[in-house]
Amino acid sequence: MSKYGLLIDYEYCSGCHSCEIACRNEKDIALEDWGIKLASIGPWKRENGTWEWNNIPVPTQLCDLCTSRVTAGKKPACVHHCLAFCMDYGPVEELSKKMSDKGSKVVMFIP
Ligand code: SF4
Ligand code: SF4
């Protein structure tokens, strides 16, 4: 049986925080806790003149991949509400193929 996970293509993450809010609402998470939290790395300027600045949403121990939504045939709340369409959910085999096709600035989370 396949394991499932989340794929996050953070190259296109705008840092809008919608995934955090969607998760909090879906899982009824207390304000001082998080089901997924945005990490920001940068900005800093490289010697070649380009900038490094990444927003990366990181699921926490509270993430159960939205079992109840998925069982009801829906996408996980964070995936459904991501405004940049940069989150995906599915079997890890499919996600790892997408990950390998993408190559960089993409991470997979398997709880
Ligand atoms: S899959 Fe569900 S529980 Fe996990 S981070 Fe996304 S919204 Fe939260
Ligand atoms: S909802 Fe999507 S674009 Fe917005 S912070 Fe989360 S991953 Fe990034």
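A residue is called buried here if 20 or more other C-beta atoms lie within 10 Å of its own, exposed if 12 or fewer do, and partly exposed in between. With that term in hand, good morning. The structure I present today is a predicted model, and I shall begin with one of its helices.

In helix H1, the buried residues are Cys-19, Ala-22 and Cys-23. Viewed along the axis of H1, these buried residues fall within an arc of 95 degrees, so they line one face of the helix. The general rule behind this is worth recalling. An α-helix has 3.6 residues a turn, so residues three or four places apart point the same way. What do the buried residues of H1 pack against? Their partners are strand E2, which covers 36–45, together with E3, H3 and E4. Immediately after H1 comes Asp-28, whose phi is positive, at about 55 degrees.

Let me turn to the two ligands. Ligand 1 is surrounded by 15 residues, and the closest are Cys-23, Cys-63, Cys-66, Pro-76 and Cys-78. Which helices each supply at least two residues of this shell? They are H1, spanning 18–27, and H3, spanning 77–81. H1 gives the most, with four residues. By class, the shell around ligand 1 consists of 11 nonpolar residues, one polar residue and three charged residues.

Ligand 2 also has 15 residues around it, the closest being Cys-13, Cys-16, Cys-19, Cys-82 and Ala-84. Here H1 and strand E3, residues 51–59, are the elements that give two or more residues to the shell. This second shell contains 10 nonpolar and five polar residues, and no charged ones. Please note that Cys-23, listed among the closest residues to ligand 1, and Cys-19, listed among the closest to ligand 2, have already appeared as buried residues of H1.

Two residues in the loops deserve a remark on their backbone. Cys-66 sits in the loop between E3 and helix H2, which covers 67–71. Its phi is near 55 degrees, a positive value in a residue other than glycine. Is Cys-66 buried or exposed? It has 23 other C-beta atoms within 10 Å, and it is therefore buried. His-17 belongs to the loop between E1 and H1. His-17, too, is a residue other than glycine with a positive phi, in this case near 70 degrees. With 14 other C-beta atoms within 10 Å, however, His-17 is partly exposed.

I move on to the sheet. Three strands make up an open sheet in the order E4-E1-E5, and the pairing is antiparallel. E4, residues 87–91, and E5, residues 107–109, stand at the edges with a single partner strand each, so one side of each has no neighbour in the sheet. On average, and ignoring direction, neighbouring strands are turned by 30 degrees against each other. E1, which covers residues 4–8, is joined to E5 by three bridges. In this pairing, Leu-7 stands opposite Met-108 in E5. Helix H4, residues 92–102, packs on the sheet and touches E1, E4 and E5. The direction of H4 makes about 135 degrees with that of E4.

Where is Val-106 placed? It lies in the loop between H4 and E5. Val-106 counts as partly exposed, because it has 19 C-beta neighbours inside 10 Å. Setting aside neighbours within four places in sequence, its contacts are Leu-7, Ile-8, Asp-9, Tyr-10 and Met-99. Tyr-12 is 94 residues away from Val-106 along the chain, yet their C-alpha atoms are separated by 9.6 Å.

Finally, I come to E2 and E3. These strands run antiparallel and are joined by eight bridges. One of the facing pairs is Ile-36 with Pro-59 in E3. The two strands form a hairpin with five residues between them, and Gly-49 in the turn has a positive phi of about 95 degrees. How many of the 10 residues of E2 are buried? The count is one, and E2 is hardly covered. E2 also contains Pro-43, and the peptide bond that joins Gly-42 and Pro-43 is cis, with omega about 5 degrees.

To close, I would ask you to keep the helix H1 in mind. Its buried residues line one face, and H1 contributes to the shell around ligand 1 as well as to the shell around ligand 2. Thank you for your attention.

How values were computed: Residues are numbered from 1 along each chain as its sequence is written. Chains are lettered from A and ligands numbered from 1 in the order in which they are written. This is a predicted model: local features need pLDDT of at least 70, side-chain atom pairs count only at pLDDT 80 or more; totals for chains, interfaces and linings use all residues. A residue is near a molecule or strand if its C-beta atom, placed from the backbone, lies within 6 Å of it. Ala, Val, Leu, Ile, Met, Phe, Trp, Tyr, Cys and Pro count as nonpolar, Asp, Glu, Lys and Arg as charged, and the others, Gly among them, as polar. Two strands pair if DSSP finds at least two bridges between them. Axes are lines fitted to C-alpha atoms, for helices over the stretch in contact, and angles run from 0 to 180 degrees between N-to-C directions. Two residues are in contact if their C-beta atoms, placed from the backbone, lie within 7 Å. The arc is that of the directions from the helix axis to the C-beta atoms.
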